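User: Could you walk me through this model? I'd like to start with how residues get sorted into classes.
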Amino acid sequence: MPQKTQNIKNYIVFDLEWNQCAEGKTGEIPGLPFEVIEIGAVKLNEDFEVISEFSRFVRPKVYQRLHFKVLEILDIGMEELTRRGEPFDQVIRAFFSWCREADGETIFCTWGNMDLTELQRNMAYYGVENPFPNPLFYYDVQKLYSRLYRDNGKDKPTLEHAVQEQSLEVQRPFHRAIEDAKYTGAVLRQMDFPSVAPYLSLDYYRIPDCKEHEISLTFPDYSKYVSRGFASREELIRDKEVNDLCCFSCRRMLRKKIGWFTGNQRNYLALGICPEHGLMRGKLRVRKSEEGRYYCVKTVRMTDEAGAEELIRQKEAYAGKQREKLCLKRRREKLRRPGGAIFSKEAPS
Ligand SMILES: [Zn+2]
């Protein structure tokens with residue numbers, strides 16, 4: 001387990017509403033794609049009962065018009081937001097002081113994996129000091145829910161959907177931060193939490209700043225490694241530790257049956273075999289950090305013959321595409337050569 005979960009005394013379930021540039025991407029302020037306009041949260045005790053609430057509007061400062069998507073779901077207009085909202089730095093300070101009122105260890109919970117990152121982006125924009133622990137572990141309740149109620153654990157049902165599925169009482173509309181926080185808390189209370197408690201998520205807003213701070217976690221059925229940032233993708237891919245494939249269970253270094261390959265330069269796959277634990281599938285996702293550095297999130301999990309077959313098929317499909325590309329390139333070059341069908345014009349594609 002990445003963190004001792006048995007000491008947790010409180011859960012802070014929070015939700016944000018945000019606005020984005022109404023004129024689209026072109027008018028977007030760098031570093032602030034989403035401006036927080038509401039923070040809502042509930043504090044839950046060990047039995048997931050609500051013991052305290054927090055709800056504040058933020059007065060918009062960056063984007064002065066509501067994006068049409070936000071208008072569609074929010075039942076509050078710009079005029080009311082301006083009137084009832086307070087400056088972001090005031091709201092965030094009040095929020096953290098409310099968070100600190102809890103006794104014992106606290107862990108943040110959100111529906112989905114965006115809220116913590118966007119909150120920190122807003123904090124950075126306003127120069128608010130970041131008091132979150134680093135690394136920042138939290139529960140993504142949507143992910144826990146998917147793990148429990150979906151076969152593949154990859155579906156991302158909406159909060160509304162989950163609330164309906166669990167036949168929870170719907171008294172207030174969704175898309176108010178405080179209401180969504182309450183609904184998320186209710187879903188959390190309803191689920192078989194102990195069976196998913198080891199599955200903490202990690203927020204990637206701040207990535208490891210050096211080799212010593214790189215993160216290796218072991219979950220019941222997979223392992224995760226988060227690298228430090230590199231100046232380029234090539235440098236990242238060349239790094240020995242990034243390249244290694246270790247058994248998720250015994251951490252033994254594995255001989256690769258299929259070395260890392262990719263079809264899109266973002267996700268790499270590999271296959272290895274542990275003499276004790278069998279076939280292992282590695283997945284390496286290349287990402288770009290807030291500072292524009294390249295880092296990877298590598299996961300290794302057990303697989304079987306069928307999984308290995310699938311991986312081989314994927315590799316073949318990729319190799320086939322590469323061959324096709326090469327073939328087309330050669331044909332095009334041939335056509336352009338003097339004496340070829342085309343002299344100076346572009347070859348038809
Ligand atoms: Zn092993």
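Analyst: Ala, Val, Leu, Ile, Met, Phe, Trp, Tyr, Cys and Pro count as nonpolar, Asp, Glu, Lys and Arg count as charged, and the others, Gly among them, count as polar. Please keep in mind that this is a predicted model.

User: OK, so how many nonpolar, polar and charged residues are in the lining of the second largest pocket?
Analyst: With those classes, the lining of the second largest pocket divides into 9 nonpolar, 6 polar and 7 charged residues. The pocket itself has a volume of about 690 Å³, and of the 22 residues that line it, L16, E17, W18, I73 and H175 lie nearest its centre.

User: Which elements give two or more residues to that lining?
Analyst: Those elements are β1 (8-19), α1 (68-73) and α6 (159-165), and β1 provides the largest share, with 4 residues.

User: And the largest pocket, what's its volume?
Analyst: The largest pocket holds about 1200 Å³ of space. It is lined by 38 residues, and the ones closest to its centre are K143, K156, K224, R285 and R287. By class, its lining comprises 19 charged, 11 polar and 8 nonpolar residues.

User: Where does that lining come from, in terms of domains?
Analyst: Both domain 1 (8-202) and domain 2 (211-311) contribute, each with at least three residues. Among the elements that supply at least two residues each are α4 (115-125), α5 (141-149), β8 (222-226) and β12 (294-302), while the largest share, 6 residues, comes from β11.

User: Switching to the metal: which residues coordinate the zinc ion?
Analyst: The zinc ion is coordinated by the SG atoms of C247, C250 and C274 together with ND1 of H277, at 2.1 to 2.3 Å. Along the sequence, these donor residues follow the spacing C-x2-C-x23-C-x2-H. C247 and H277 link distant parts of the chain, 30 residues apart, with C247 in the loop between α10 (240-243) and β9 (255-262) and H277 in the loop between β10 (267-274) and β11 (278-288).

User: Why is the arrangement called tetrahedral?
Analyst: The 4 donor atoms subtend angles of 103 to 114° around the zinc ion, and the arrangement is therefore tetrahedral; the criterion for four donors is that all angles lie between 85 and 135 degrees.

User: Last one: is C247 buried or exposed, and what about H277?
Analyst: C247 counts as buried because its relative accessibility is 1%, whereas H277 counts as partly exposed because its relative accessibility is 22%. The cut-off for buried is under 20% relative accessible area.

Methods:
Residues are numbered from 1 along each chain as its sequence is written. This is a predicted model: local features need pLDDT of at least 70, side-chain atom pairs count only at pLDDT 80 or more; totals for chains, interfaces and linings use all residues. Side-chain values use heavy atoms; hydrogens and water are left out. Donors are N, O and S atoms within 2.8 Å of the metal (3.2 Å for Na, K and Ca); water is not among the atoms, so sites may look incomplete. Four donors count as tetrahedral if all angles lie between 85 and 135 degrees; four count as square planar and six as octahedral if opposite donors are over 155 degrees apart and all others between 65 and 115; anything else is irregular. Buried means under 20% relative accessible area, exposed over 50%, partly exposed in between (1.4 Å probe, protein chains only). On a 1 Å grid over the protein atoms alone, a cavity is a set of points where a 1.4 Å probe fits but cannot get out, and a pocket is an open set with protein on both sides within 12 Å along at least five of seven lines; lining residues have an atom within 4 Å of a point. Grid points are joined across faces, edges and corners, and a volume is the space filled by probe spheres set on the points. Domain bounds come from an automatic or database domain assignment.
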